[in-house]
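Trainee: I should be grateful for a close look at the metal site of this model, together with the parts of the chain around it. Please then set the site beside the charged contacts found elsewhere.

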Amino acid sequence: MDRARFETLTQEIAAQATVEQLLDLETRTARLLAERVSEALVARRTTAVRQCPHCSGTKIVRHGRDGGGRQRFRCLKTDESHGCGRTFNGLSGTAFARMRKPELWSGYARHLASGTSLTKIVECSDMAISRHTAWRWRHRLLTPLAATKPERLGGVVEADETFFLRSFKGHRGWKRGKAPENRPPRYPGSKALLSGLSHQHVPVLTGIDRDGRCIDKRMDRRSTDQIVAALGGAVAPDSVLCTDGLSAYATLAKTVGAEHRVFDPPEDDWLKKAMGHPSRQKGALGLGRVNGHHERMKTLINRVLRGVSTKFLPNYLAMLRLVCRPPSAPQDTLQAAFAAG
Ligand SMILES: [Zn+2]
(Lines give C-alpha, C1' and ligand atoms only; values in the text may rest on other atoms or scores of the structure.)
Protein backbone atom coordinates (compact mmCIF):
# COMPACT_ATOMS: atom_id res chain seq x y z
CA MET A 1 0.00 0.00 0.00
CA ASP A 2 1.39 3.41 -0.88
CA ARG A 3 2.21 5.83 1.90
CA ALA A 4 -0.44 8.48 1.02
CA ARG A 5 -3.29 5.95 0.98
CA PHE A 6 -2.08 4.45 4.28
CA GLU A 7 -2.01 7.95 5.85
CA THR A 8 -5.56 8.71 4.61
CA LEU A 9 -6.89 5.43 5.99
CA THR A 10 -5.18 5.99 9.37
CA GLN A 11 -6.66 9.49 9.61
CA GLU A 12 -10.14 8.18 8.71
CA ILE A 13 -9.91 5.44 11.34
CA ALA A 14 -8.67 7.90 13.97
CA ALA A 15 -11.51 10.32 13.20
CA GLN A 16 -14.47 8.01 12.67
CA ALA A 17 -13.94 4.54 14.21
CA THR A 18 -15.78 3.64 17.43
CA VAL A 19 -13.92 2.20 20.45
CA GLU A 20 -15.34 -1.27 19.66
CA GLN A 21 -14.00 -1.04 16.10
CA LEU A 22 -10.59 0.04 17.42
CA LEU A 23 -10.49 -2.98 19.77
CA ASP A 24 -11.46 -5.23 16.85
CA LEU A 25 -8.66 -3.64 14.80
CA GLU A 26 -6.17 -4.29 17.62
CA THR A 27 -7.07 -8.02 17.66
CA ARG A 28 -6.84 -8.31 13.88
CA THR A 29 -3.51 -6.46 13.76
CA ALA A 30 -2.07 -8.74 16.48
CA ARG A 31 -3.18 -11.83 14.49
CA LEU A 32 -1.69 -10.51 11.24
CA LEU A 33 1.59 -9.66 13.00
CA ALA A 34 1.74 -13.16 14.54
CA GLU A 35 1.42 -14.64 11.03
CA ARG A 36 4.25 -12.44 9.71
CA VAL A 37 6.31 -12.52 12.89
CA SER A 38 9.83 -12.54 11.43
CA GLU A 39 9.03 -9.66 9.03
CA ALA A 40 7.61 -7.74 12.01
CA LEU A 41 10.74 -8.42 14.08
CA VAL A 42 13.01 -7.27 11.24
CA ALA A 43 10.90 -4.11 10.69
CA ARG A 44 10.92 -3.32 14.42
CA ARG A 45 14.66 -3.86 14.55
CA THR A 46 15.16 -1.65 11.49
CA THR A 47 13.27 1.27 13.06
CA ALA A 48 15.45 0.92 16.18
CA VAL A 49 18.79 1.11 14.33
CA ARG A 50 20.75 3.95 15.95
CA GLN A 51 24.39 2.99 15.44
CA CYS A 52 26.70 1.14 13.06
CA PRO A 53 27.23 -2.55 14.01
CA HIS A 54 30.78 -2.41 12.56
CA CYS A 55 32.24 0.64 14.33
CA SER A 56 29.42 1.85 16.67
CA GLY A 57 29.37 5.16 14.75
CA THR A 58 26.17 7.16 15.19
CA LYS A 59 26.13 9.16 11.93
CA ILE A 60 23.87 6.92 9.87
CA VAL A 61 21.94 7.56 6.65
CA ARG A 62 19.46 5.46 4.73
CA HIS A 63 21.09 3.84 1.70
CA GLY A 64 18.47 2.21 -0.54
CA ARG A 65 17.27 -1.39 -0.21
CA ASP A 66 19.22 -4.65 -0.25
CA GLY A 67 18.51 -7.72 -2.40
CA GLY A 68 15.90 -8.94 0.10
CA GLY A 69 14.03 -5.61 -0.03
CA ARG A 70 15.16 -4.55 3.44
CA GLN A 71 16.17 -1.01 4.33
CA ARG A 72 19.93 -0.58 4.00
CA PHE A 73 21.98 1.98 5.94
CA ARG A 74 25.41 3.51 5.50
CA CYS A 75 27.76 4.65 8.24
CA LEU A 76 28.94 8.14 7.17
CA LYS A 77 32.68 8.48 6.69
CA THR A 78 33.43 12.17 7.10
CA ASP A 79 36.07 14.13 8.99
CA GLU A 80 33.64 14.95 11.82
CA SER A 81 31.78 11.62 12.10
CA HIS A 82 34.79 9.22 12.05
CA GLY A 83 32.50 6.50 10.62
CA CYS A 84 33.66 3.43 8.67
CA GLY A 85 31.63 4.05 5.49
CA ARG A 86 30.30 0.48 5.42
CA THR A 87 26.70 -0.51 4.70
CA PHE A 88 24.44 -2.71 6.81
CA ASN A 89 20.79 -3.56 7.42
CA GLY A 90 18.67 -4.08 10.55
CA LEU A 91 19.90 -7.65 10.93
CA SER A 92 23.64 -6.94 10.76
CA GLY A 93 25.33 -7.74 14.05
CA THR A 94 22.48 -10.02 15.21
CA ALA A 95 22.23 -13.82 15.12
CA PHE A 96 20.09 -13.48 11.99
CA ALA A 97 22.58 -11.57 9.83
CA ARG A 98 22.53 -12.84 6.21
CA MET A 99 20.06 -15.59 7.15
CA ARG A 100 17.69 -16.43 4.27
CA LYS A 101 14.01 -17.49 4.14
CA PRO A 102 12.57 -15.29 6.96
CA GLU A 103 9.11 -16.79 6.31
CA LEU A 104 10.35 -20.09 7.82
CA TRP A 105 12.00 -18.68 10.97
CA SER A 106 8.98 -18.80 13.27
CA GLY A 107 8.15 -22.37 12.18
CA TYR A 108 11.75 -23.33 12.85
CA ALA A 109 11.67 -21.68 16.31
CA ARG A 110 8.57 -23.76 17.12
CA HIS A 111 10.37 -26.99 16.11
CA LEU A 112 13.43 -25.98 18.14
CA ALA A 113 11.41 -25.30 21.29
CA SER A 114 9.72 -28.70 21.01
CA GLY A 115 13.09 -30.51 20.63
CA THR A 116 12.34 -31.90 17.14
CA SER A 117 15.30 -33.72 15.57
CA LEU A 118 16.95 -32.37 12.42
CA THR A 119 15.77 -35.40 10.43
CA LYS A 120 12.13 -34.71 11.32
CA ILE A 121 12.49 -30.95 10.67
CA VAL A 122 13.90 -31.62 7.20
CA GLU A 123 11.13 -34.15 6.45
CA CYS A 124 8.47 -31.68 7.60
CA SER A 125 6.48 -30.42 4.58
CA ASP A 126 6.39 -26.76 5.72
CA MET A 127 10.19 -26.51 6.17
CA ALA A 128 11.91 -26.42 2.78
CA ILE A 129 15.49 -26.38 4.08
CA SER A 130 18.41 -28.79 3.88
CA ARG A 131 19.76 -30.70 6.85
CA HIS A 132 22.89 -28.53 6.90
CA THR A 133 20.77 -25.34 6.99
CA ALA A 134 18.64 -26.81 9.79
CA TRP A 135 21.83 -27.51 11.77
CA ARG A 136 23.26 -24.03 11.15
CA TRP A 137 19.94 -22.34 12.10
CA ARG A 138 19.86 -24.37 15.31
CA HIS A 139 23.19 -22.86 16.40
CA ARG A 140 22.29 -19.41 15.05
CA LEU A 141 19.35 -19.34 17.48
CA LEU A 142 20.96 -21.19 20.38
CA THR A 143 24.29 -19.29 20.53
CA PRO A 144 22.71 -15.97 21.66
CA LEU A 145 20.31 -17.83 23.97
CA ALA A 146 23.26 -19.65 25.60
CA ALA A 147 25.03 -16.33 26.15
CA THR A 148 22.10 -14.60 27.89
CA LYS A 149 22.54 -13.52 31.48
CA PRO A 150 21.62 -16.40 33.83
CA GLU A 151 18.42 -16.22 35.86
CA ARG A 152 18.56 -15.40 39.57
CA LEU A 153 17.79 -18.35 41.83
CA GLY A 154 16.08 -18.01 45.19
CA GLY A 155 14.17 -19.91 47.90
CA VAL A 156 15.14 -23.59 47.96
CA VAL A 157 18.02 -24.04 45.49
CA GLU A 158 19.34 -27.51 44.60
CA ALA A 159 22.83 -27.70 43.11
CA ASP A 160 24.73 -30.67 41.72
CA GLU A 161 27.03 -31.57 38.87
CA THR A 162 26.84 -34.25 36.20
CA PHE A 163 29.40 -35.43 33.64
CA PHE A 164 29.47 -35.93 29.88
CA LEU A 165 32.16 -37.61 27.84
CA ARG A 166 34.48 -35.08 26.19
CA SER A 167 33.42 -35.27 22.56
CA PHE A 168 34.77 -34.07 19.22
CA LYS A 169 31.74 -35.21 17.24
CA GLY A 170 31.89 -33.87 13.69
CA HIS A 171 35.57 -32.81 13.97
CA ARG A 172 37.15 -33.05 10.52
CA GLY A 173 40.41 -34.34 12.02
CA TRP A 174 38.87 -37.80 12.55
CA LYS A 175 38.65 -38.36 8.78
CA ARG A 176 41.78 -36.44 7.81
CA GLY A 177 44.07 -38.48 10.04
CA LYS A 178 44.61 -35.64 12.55
CA ALA A 179 42.58 -36.88 15.52
CA PRO A 180 41.72 -33.99 17.90
CA GLU A 181 42.44 -36.23 20.91
CA ASN A 182 44.93 -39.04 21.38
CA ARG A 183 42.46 -41.90 21.14
CA PRO A 184 40.56 -43.88 18.51
CA PRO A 185 37.15 -42.49 17.43
CA ARG A 186 34.32 -43.38 19.72
CA TYR A 187 30.92 -44.55 18.54
CA PRO A 188 27.54 -43.57 20.04
CA GLY A 189 26.93 -45.41 23.30
CA SER A 190 30.55 -46.37 24.02
CA LYS A 191 32.20 -45.48 27.32
CA ALA A 192 35.34 -43.61 28.41
CA LEU A 193 38.62 -45.45 27.91
CA LEU A 194 39.83 -44.56 31.44
CA SER A 195 37.96 -45.80 34.50
CA GLY A 196 36.46 -43.31 36.95
CA LEU A 197 36.41 -39.56 36.40
CA SER A 198 39.20 -38.26 34.19
CA HIS A 199 40.00 -35.52 31.67
CA GLN A 200 37.75 -37.49 29.30
CA HIS A 201 34.74 -36.17 31.24
CA VAL A 202 33.27 -32.66 31.11
CA PRO A 203 31.39 -31.49 34.22
CA VAL A 204 28.10 -29.59 33.92
CA LEU A 205 26.96 -27.70 37.00
CA THR A 206 23.24 -27.13 37.60
CA GLY A 207 21.48 -24.88 40.06
CA ILE A 208 17.69 -25.11 40.08
CA ASP A 209 15.02 -23.61 42.34
CA ARG A 210 11.43 -24.55 43.08
CA ASP A 211 10.01 -22.15 40.49
CA GLY A 212 11.87 -24.09 37.76
CA ARG A 213 14.42 -21.33 37.15
CA CYS A 214 17.72 -22.99 36.41
CA ILE A 215 21.34 -22.40 35.46
CA ASP A 216 23.39 -25.00 33.59
CA LYS A 217 27.07 -24.28 33.15
CA ARG A 218 29.71 -26.33 31.36
CA MET A 219 32.88 -26.20 33.44
CA ASP A 220 36.46 -26.97 32.41
CA ARG A 221 36.95 -29.01 35.58
CA ARG A 222 35.10 -29.53 38.86
CA SER A 223 36.82 -27.03 41.14
CA THR A 224 35.68 -24.75 43.96
CA ASP A 225 36.65 -21.63 41.98
CA GLN A 226 34.58 -22.62 38.97
CA ILE A 227 31.54 -23.64 41.03
CA VAL A 228 31.62 -20.38 43.01
CA ALA A 229 32.15 -18.38 39.78
CA ALA A 230 29.20 -20.10 38.06
CA LEU A 231 26.61 -19.81 40.84
CA GLY A 232 28.05 -17.16 43.18
CA GLY A 233 26.36 -14.18 41.55
CA ALA A 234 23.11 -16.00 40.83
CA VAL A 235 21.95 -17.43 44.17
CA ALA A 236 20.01 -15.03 46.42
CA PRO A 237 21.59 -14.51 49.90
CA ASP A 238 18.62 -15.78 51.94
CA SER A 239 18.14 -19.06 50.04
CA VAL A 240 18.52 -22.65 51.26
CA LEU A 241 21.21 -24.45 49.25
CA CYS A 242 20.68 -28.24 49.01
CA THR A 243 23.70 -30.23 47.79
CA ASP A 244 25.50 -33.57 48.10
CA GLY A 245 28.11 -32.15 50.48
CA LEU A 246 31.02 -31.49 48.09
CA SER A 247 33.23 -28.99 49.95
CA ALA A 248 32.93 -26.46 47.10
CA TYR A 249 29.21 -26.06 47.88
CA ALA A 250 29.96 -25.19 51.52
CA THR A 251 32.27 -22.44 50.20
CA LEU A 252 29.54 -21.35 47.77
CA ALA A 253 26.92 -21.15 50.56
CA LYS A 254 29.32 -19.13 52.71
CA THR A 255 30.15 -16.79 49.78
CA VAL A 256 26.52 -15.97 48.96
CA GLY A 257 25.30 -16.08 52.58
CA ALA A 258 22.87 -18.99 52.05
CA GLU A 259 21.93 -21.78 54.45
CA HIS A 260 23.60 -25.06 53.42
CA ARG A 261 21.85 -28.45 53.75
CA VAL A 262 23.65 -31.66 52.81
CA PHE A 263 21.87 -34.78 51.48
CA ASP A 264 23.65 -38.10 51.13
CA PRO A 265 22.69 -40.24 48.13
CA PRO A 266 20.34 -43.11 49.13
CA GLU A 267 22.10 -46.41 49.87
CA ASP A 268 21.17 -48.91 47.22
CA ASP A 269 21.44 -52.30 48.96
CA TRP A 270 19.70 -55.30 47.40
CA LEU A 271 16.71 -55.16 49.78
CA LYS A 272 15.97 -51.48 49.10
CA LYS A 273 16.36 -52.11 45.38
CA ALA A 274 13.88 -54.99 45.59
CA MET A 275 11.34 -53.18 47.78
CA GLY A 276 11.78 -49.67 46.37
CA HIS A 277 12.58 -46.52 48.32
CA PRO A 278 9.87 -45.04 50.55
CA SER A 279 7.82 -42.46 48.66
CA ARG A 280 9.05 -38.90 48.95
CA GLN A 281 7.12 -36.48 51.12
CA LYS A 282 5.73 -33.56 49.18
CA GLY A 283 7.68 -30.38 49.93
CA ALA A 284 10.52 -32.21 51.71
CA LEU A 285 14.00 -30.93 50.91
CA GLY A 286 16.27 -33.15 48.81
CA LEU A 287 17.99 -33.38 45.45
CA GLY A 288 15.08 -34.79 43.43
CA ARG A 289 14.56 -31.71 41.29
CA VAL A 290 18.19 -31.39 40.18
CA ASN A 291 18.50 -35.16 39.64
CA GLY A 292 15.34 -35.10 37.48
CA HIS A 293 16.78 -32.19 35.48
CA HIS A 294 20.03 -34.13 34.92
CA GLU A 295 18.04 -37.15 33.76
CA ARG A 296 16.23 -34.99 31.16
CA MET A 297 19.63 -33.53 30.16
CA LYS A 298 21.10 -37.01 29.63
CA THR A 299 18.02 -38.10 27.68
CA LEU A 300 18.21 -35.13 25.29
CA ILE A 301 21.97 -35.13 24.81
CA ASN A 302 22.92 -38.81 24.95
CA ARG A 303 19.74 -40.56 23.80
CA VAL A 304 17.82 -38.18 21.49
CA LEU A 305 20.85 -36.41 19.95
CA ARG A 306 23.18 -39.43 20.32
CA GLY A 307 25.94 -37.30 21.90
CA VAL A 308 26.96 -33.73 21.07
CA SER A 309 30.33 -32.08 20.58
CA THR A 310 31.68 -30.56 23.81
CA LYS A 311 32.22 -27.34 21.86
CA PHE A 312 28.44 -27.02 21.35
CA LEU A 313 27.41 -28.33 24.79
CA PRO A 314 26.44 -24.83 26.13
CA ASN A 315 24.12 -24.39 23.12
CA TYR A 316 22.42 -27.72 23.82
CA LEU A 317 22.04 -26.79 27.50
CA ALA A 318 20.19 -23.68 26.26
CA MET A 319 18.09 -25.97 24.05
CA LEU A 320 17.22 -28.11 27.08
CA ARG A 321 16.04 -25.02 29.01
CA LEU A 322 13.95 -24.05 25.96
CA VAL A 323 12.43 -27.54 25.69
CA CYS A 324 11.72 -27.77 29.46
CA ARG A 325 10.07 -24.35 29.58
CA PRO A 326 8.83 -23.67 26.02
CA PRO A 327 7.77 -20.07 25.34
CA SER A 328 4.06 -19.42 24.78
CA ALA A 329 4.69 -18.35 21.16
CA PRO A 330 7.54 -18.98 18.68
CA GLN A 331 8.09 -15.22 18.32
CA ASP A 332 9.27 -15.20 21.96
CA THR A 333 12.21 -17.48 21.02
CA LEU A 334 13.04 -15.30 18.01
CA GLN A 335 12.67 -12.14 20.10
CA ALA A 336 14.99 -13.54 22.80
CA ALA A 337 17.61 -14.52 20.19
CA PHE A 338 17.27 -11.05 18.58
CA ALA A 339 17.64 -9.29 21.91
CA ALA A 340 20.67 -11.34 22.95
CA GLY A 341 22.33 -11.21 19.53
ZN1 LIG B 1 30.62 2.22 10.94
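Mentor: The account below begins with the metal site, moves to the neighbouring sheet, and ends with the charged pairs.

The model is a predicted one, and every value quoted here is computed from it. The zinc ion is held by four sulfur donors, namely the SG atoms of Cys52, Cys55, Cys75 and Cys84, at 2.2 to 2.5 Å. The angles among these 4 donor atoms run from 99 to 114°, and the site is tetrahedral. For four tetrahedral donors the ideal angle is 109.5 degrees. Along the sequence the donor residues follow the spacing C-x2-C-x19-C-x8-C. Cysteine 55 belongs to the loop between α3 (37-47) and β1 (60-65), whereas cysteine 75 belongs to strand β2 (residues 71-75), so this pair ties together parts that are 20 residues apart in sequence. The two donors differ in their surroundings: cysteine 55 is partly exposed at 32% relative accessibility, while cysteine 75, at 1%, counts as buried. The limit for buried is under 20% relative accessible area, with partly exposed running from there up to 50%.

Strand β2, which supplies cysteine 75, also takes part in an open sheet of 3 strands in the order β1-β2-β3, with antiparallel pairing. The edges of this sheet are β1 and β3 (87-89), each of which pairs on one side only. From one strand to the next the twist averages 40°. Between β2 and β3, which run antiparallel, there are 3 bridges. One residue pair in β2 and β3 can be named: arginine 72 has asparagine 89, in β3, as its bridge partner. In general, strands of a sheet pair through backbone hydrogen bonds, either parallel or antiparallel.

The domain assignment places domain 1 at residues 35-93, domain 2 at 95-146 + 327-341, and domain 3 at 156-180 + 197-308. The centres of domain 1 and domain 3, taken over C-alpha atoms, are 43 Å apart.

The charged contacts offer another way in which parts of the chain are linked. The structure holds 10 salt bridges. One of them joins the side chains of aspartate 126 and arginine 110, at 3.8 Å from N to O. Aspartate 126 sits in the loop between α5 (118-123) and α6 (131-146), and arginine 110 sits in helix α4 (residues 105-113), so parts 16 residues apart in sequence are tied together by the pair. Both partners are partly exposed, aspartate 126 with a relative accessible area of 38% and arginine 110 at 45%.

A second salt bridge links aspartate 216 to arginine 321, the closest N and O atoms being 3.5 Å apart. Because aspartate 216 lies in strand β6 (residues 214-218) and arginine 321 in helix α12 (residues 313-324), this pair ties together parts that are 105 residues apart in sequence. Aspartate 216 is buried at 9% relative accessibility, whereas arginine 321 is partly exposed at 22%.

Finally, Asp209, Asp211 and Arg213 are linked in a network of salt bridges. Within it, the side chains of arginine 213 and aspartate 211 meet at 3.3 Å from N to O. Aspartate 211 is exposed, with a relative accessible area of 57%, and arginine 213 is partly exposed at 27%.

Methods: Residues are numbered from 1 along each chain as its sequence is written. This is a predicted model: local features need pLDDT of at least 70, side-chain atom pairs count only at pLDDT 80 or more; totals for chains, interfaces and linings use all residues. Side-chain values use heavy atoms; hydrogens and water are left out. A salt bridge is a side-chain nitrogen of Lys or Arg within 4 Å of a carboxyl oxygen of Asp or Glu. Helices (H or I, at least four residues) and strands (E, at least two) are DSSP runs, numbered from the N terminus. Buried means under 20% relative accessible area, exposed over 50%, partly exposed in between (1.4 Å probe, protein chains only). Domain bounds come from an automatic or database domain assignment. Donors are N, O and S atoms within 2.8 Å of the metal (3.2 Å for Na, K and Ca); water is not among the atoms, so sites may look incomplete. Four donors count as tetrahedral if all angles lie between 85 and 135 degrees; four count as square planar and six as octahedral if opposite donors are over 155 degrees apart and all others between 65 and 115; anything else is irregular. Two strands pair if DSSP finds at least two bridges between them. Axes are lines fitted to C-alpha atoms, for helices over the stretch in contact, and angles run from 0 to 180 degrees between N-to-C directions.
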